[in-house]
Number of protein chains: 2
Amino acid sequence: MNPKGSAERAVTLKDLAARLGIHPSTVSRVLHSDSAQARGAASAETALRVRELARELGYSPDPQATSLRTRRTRMFGVIVPRLSDLVLAIMYEGIEEAAAEAGYSTFVMNSRDDPEEERRKTEIMLARRVDGLIIGDAHLDGNLLHDLTNRGVPFVLMNRRIEGYPSATCDDALGGRLAASHLWEKGHRRVAVIAGEPYASTAVDRTAGFVDRWRELGGAISEDAIVWSRFDTVGGRDATEKILHACAPPPTALFAVNDFAAIGAIGTLRSHGLQVGRDMALVGYNDTSLASQLPIPLSSVHSPMNEIGRTAVQLLRRVLKGEHVQAVQLRPTLCVRESSALQL
Amino acid sequence: MNPKGSAERAVTLKDLAARLGIHPSTVSRVLHSDSAQARGAASAETALRVRELARELGYSPDPQATSLRTRRTRMFGVIVPRLSDLVLAIMYEGIEEAAAEAGYSTFVMNSRDDPEEERRKTEIMLARRVDGLIIGDAHLDGNLLHDLTNRGVPFVLMNRRIEGYPSATCDDALGGRLAASHLWEKGHRRVAVIAGEPYASTAVDRTAGFVDRWRELGGAISEDAIVWSRFDTVGGRDATEKILHACAPPPTALFAVNDFAAIGAIGTLRSHGLQVGRDMALVGYNDTSLASQLPIPLSSVHSPMNEIGRTAVQLLRRVLKGEHVQAVQLRPTLCVRESSALQL
DNA sequence: TTGCCTTACCCAATCGATTGGGTTGCATTG
DNA sequence: CAATGCAACCCAATCGATTGGGTAAGGCAA
């Protein structure tokens with residue numbers, strides 16, 4: 001069929017037109033118009049012939065040519081701290097699904113949570129002429145977003161939010177409150193928080209929600225009991241170590257704003273001879289697939305990660321239509337498991 | 001600066017040419033040529049002026065226009081079972097880095113390990129006119145690759161290999177052998193394998209390597225002791241359950257071809273009152289970041305995942321240059337931890 | 001019969017970059 | 001002095017699709 005192994009030359013509008021004896025522009029209108037909008041484009045009969053031949057020859061429009069003319073690429077750029085962070089990977093799956101359904105393709109790039117890298121990656125995507133950006137690593141203290149706004153670049157935030165910009169996130173304050181209510185009900189009165197990175201709204205909101213609710217319930221929580229940390233297992237390890245050293249008497253429960261930090265905490269607790277669920281209650285966040293599969297299943301605030309990704313795409317599409325969109329916060333739910341099931 | 005918030009019209013070659021009073025083609029040659037190849041393009045002085053103005057106005061060539069003319073998009077398509085599989089996510093990080101360094105962008109899509117979906121996603125990428133594909137979910141029994149070859153589509157495999165196609169993988173047979181040698185040395189004589197999906201070379205090679213080595217050492221291993229399973233925690237759970245039911249007397253060691261399956265195994269063992277590392281040795285595969293952070297740190301065969309991703313990009317670039325490339329297998333190493341450290 | 005609509009098309013410019021094939025002006029060479 | 005070479009450019013076609021603006025043919029009403 002293709003003996004030389006060279007990619008066959010793709011079928012073009014001109015090819016179709018030549019075979020049918022009509023003009024390329026007519027073919028374009030037939031294939032492009034939304035079936036109704038083909039006002040005076042062609043007769044029903046011609047339209048049928050065009051569509052038939054297109055199918056037969058496997059015509060697929062050249063996206064580069066289309067983009068050149070229409071100034072739209074139907075590509076979105078997605079920036080995340082790292083795809084090897086399961087949370088972002090799942091959100092990205094949601095993005096990819098929703099984007100594909102809408103006829104968009106997506107580029108993802110890792111910024112490693114470094115503002116310099118984030119800026120560099122953003123420029124690469126803009127140089128590619130993406131139609132819009134989904135930014136999953138927004139820093140509370142950055143100025144990239146301000147610049148992008150000035151340059152008229154359409155974008156939305158995902159996962160982390162920043163006041164004044166459109167975003168698709170979990171209602172993290174609510175998630176923190178759920179964790180606080182749960183631990184309070186279980187009889188805990190001394191708690192500590194593994195709070196995550198202070199530049200990320202996820203960490204800040206979850207912590208703030210927890211603390212707010214805790215105080216509402218009449219609990220006390222000191223500054224020492226709130227430890228900022230990296231989001232990964234090592235961060236959770238170190239933070240737990242700090243908490244165990246700083247708090248006397250030690251807390252009876254921990255809230256980690258991230259499942260991986262929680263897993264790190266488990267390790268540290270174990271090496272201090274403390275068993276999770278019995279000597280120390282533990283609640284994580286995101287309910288990643290591992291939480292329920294751990295030797296001692298981990299309680300976790302479930303956030304709808306796939307849905308957050310899908311929502312980000314919807315929002316970005318509305319931004320592109322010129323709508324003024326608000327931030328969307330999706331509801332988390334609490335999954336109680338063995339790590340915090342015991343009544344004190 | 002841009003009060004209406006509309007994206008500023010990008011600077012084009014024509015703009016530069018107009019300002020300099022020369023022809024766009026001259027500007028193109030100056031900016032495009034590899035500094036030496038600009039044979040008779042322009043005088044050194046003119047070239048300097050061109051480059052200066054380009055920098056000043058922030059000229060960046062329109063990739064769509066370039067692609068249209070050159071028939072190359074400088075985009076690679078990447079297909080993986082799922083990015084939420086940490087192993088693939090890390091390989092993808094390697095791909096992204098290497099691709100970016102070479103001036104390529106990458107699309108990733110999830111096939112969910114479904115051949116139908118894989119085919120669909122492949123077509124989407126080809127419709128986007130990617131220059132080549134990196135296929136991370138090759139099925140041993142599929143026929144997609146054959147079709148792609150016939151159509152002259154440049155591609156390489158990653159993570160999983162198939163005889164006769166270029167690929168970048170871990171030397172999985174060796175990895176299996178390392179695990180076998182280790183468990184044998186620790187005194188184990190009854191072992192079982194959580195073997196993974198039989199359509200994936202990773203699973204097949206790791207299992208075969210393990211069994212080969214085991215027999216070389218004089219060990220016996222029955223069919224019942226090799227259980228095929230999904231790659232995730234649930235798969236590991238079910239497989240372990242099966243092994244504990246089928247093997248009498250039970251094995252003293254398990255080799256799981258994937259860390260997540262190993263984590264699933266830990267859960268099942270625990271619910272049977274068996275403690276990993278003491279009652280049952282366990283070795284996983286890939287040495288994902290979690291392995292060392294688990295409550296009982298997991299021994300695991302370390303595979304150079306980032307490097308595999310980078311290698312896939314290098315191979316694909318060589319394929320594009322028309323070179324005939326062979327499969328590359330990168331060396332794994334064994335990380336022994338508490339889960340299999342005890343001498344029987 | 002004239003004027004006016006429709007219908008069903010066609011024409012040509014355009015998007016931005018690339019590239020094979022010129023052209024011009026000047027200097028060198030035999 | 002004619003011929004040749006070379007440096008430094010310019011020209012125009014091209015990639016494939018889109019789109020504003022035609023236009024010819026036919027029908028219908030006044």
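A residue counts as buried here if 20 or more other C-beta atoms lie within 10 Å of its own. By that yardstick, helix 5 of chain A is mostly covered, with 13 of its 16 residues buried. Keep in mind that this is a predicted model. Here's a quick tour of that helix, the two copies, the DNA surface and the cores.

**Helix 5 of chain A**
- Helix 5 takes in residues 86-101, and at 1.5 Å a residue its 16 residues should span 22 Å; the end C-alpha atoms sit 23 Å apart, so the two figures agree.
- After helix 5 comes A:Gly103, which has a positive phi, near 80 degrees.

**Two copies**
- Chain A lands on chain B after a rotation of 180 degrees with 0.0 Å of shift along the axis, at an RMSD of 0.1 Å.
- The two copies are therefore related as by a two-fold rotation axis.
- Both copies use the same surface: 100% of the contact residues of chain A turn up again in chain B.

**Around DNA strand C**
- DNA strand C is surrounded by 26 residues, the closest being A:His23, B:Thr12, B:Leu13, B:Ser25 and B:Ala65.
- Helices 2 and 4 of chain A, plus helices 1, 2 and 4 of chain B, each chip in at least two residues of this surface.
- By type, the surface near DNA strand C has 9 nonpolar, 12 polar and 5 charged residues.

**Nonpolar cores**
- The largest nonpolar core has 87 residues, and A:Ile194, A:Leu254 and B:Ala256 are among those with the most contacts inside it.
- Beyond its close sequence neighbours (within four places), B:Ala256 is in contact with residues including B:Ile194, B:Leu282 and B:Tyr285.
- A second, separate core has 76 residues, among them A:Ala99, A:Leu316, B:Ile95 and B:Leu315.

Key
Residues numbered from 1 in each chain as written. Chains lettered and ligands numbered in written order. Predicted model: local features only at pLDDT ≥ 70, side-chain atom pairs only at ≥ 80, totals over all residues. Helix = DSSP H or I, 4+ residues; strand = E, 2+ residues; numbered from the N terminus. Expected span 1.5 Å × (residues − 1). Buried ≥ 20, exposed ≤ 12 C-beta atoms within 10 Å, placed from the backbone. Least-squares fit on C-alpha atoms with pLDDT ≥ 70 in both. Contact = placed C-beta atoms within 7 Å. Near = placed C-beta within 6 Å. Nonpolar A, V, L, I, M, F, W, Y, C, P; charged D, E, K, R; others polar. Core = buried A, V, L, I, M, F, W, Y, C linked by C-beta atoms within 7 Å.
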